[in-house]
Amino acid sequence: VLDFQDAPLDKLPNEIGNLFNLKYLHLNRTKVKKVPKSIGKLLNLRTLDLVETLVQELPTEIKKLQNLRHLRTEPIICKETDYSLDLDLGVKIHEGVGSLEDLQILMSVKAYPITVDLKKQLERLRKLKILRIYQVTAEIGKALGAHSEIEPP
């Protein structure tokens, strides 16, 4: 377990990938902006918690984490910058998230602009219980709803 919640951490070192027995990585409310590609070496990781970080995109190596059950990526809700609000919510994911078949929680990802066939990827996540998607267009919402096989708990 590594719990860095509220730590004055702005970068996750590449060496994090050397902790092959790591099961829980908690980075809530840190200033981490990027998840290193070495995260793909954490084959025993079950929980990756990036709530209220500055992470905007997950590396493609995330798809190697076959034991991952909880992927929480809720970004900071809004940032004030010179009288404007940046409400670009959600973290960008890449092709391959559907290979995380043990995933139970997936939050919060961007549906638009779509970079992967999100519908097909989500259909593969049979154990998914909690899903939070931002920037859903009517077209994507219709596609997800029309073919949804997820039953309410």
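**Close-up views of a predicted model**

**View 1. Overall secondary structure of the protein chain.** Two helices and eight strands make up the secondary structure of the protein chain in this predicted model,. Followed along the sequence, these elements appear in the pattern β-β-β-β-β-β-β-α-β-α. The protein chain has 153 residues, of which 41% count as buried, and its accessible surface comes to about 9,200 Å², with 53% of that area belonging to carbon and sulfur atoms. Among contacts in the protein chain with a separation of 6 or more, 41% join residues that lie 24 or more positions apart.

**View 2. The open sheet and its edges.** An open sheet is formed by six strands in the order E1-E2-E3-E4-E7-E8, and the pairing within this sheet is parallel. Strand E1 (2-3) and strand E8 (130-134) are the edge strands, each of them pairing on one side only.

**View 3. The pairing of strands E2 and E3.** Strand E2 (residues 24-26) and strand E3 (residues 47-49) run parallel and are joined by three bridges. Within this pairing, Tyr24 has Thr47 of E3 as its bridge partner.

**View 4. The largest nonpolar core.** The largest nonpolar core contains 31 residues, and Leu25, Leu45 and Leu106 are those with the most contacts inside it. At least two residues of this core come from strand E7 (105-110), and at least two come from helix H1 (118-123).

**View 5. The surroundings of Leu25.** When neighbours within four places in sequence are left aside, Leu25 is in contact with Leu2, Phe4, Leu12, Ile16, Ile39, Leu45, Thr47, Leu48 and Asp49. One of these residues, Thr47, is also the bridge partner of Tyr24.

Note on methods
Residues numbered from 1 in each chain as written. Predicted model: local features only at pLDDT ≥ 70, side-chain atom pairs only at ≥ 80, totals over all residues. Heavy atoms only, no water. Core = buried A, V, L, I, M, F, W, Y, C linked by side-chain atoms within 4.5 Å. Buried < 20%, exposed > 50% of the residue type's maximum accessible area, 1.4 Å probe, protein only. Helix = DSSP H or I, 4+ residues; strand = E, 2+ residues; numbered from the N terminus. Contact = heavy atoms within 4.5 Å. Areas by Shrake-Rupley, 256 points an atom, 1.4 Å probe, with all protein chains shown as cover. Pairing = 2+ DSSP bridges.
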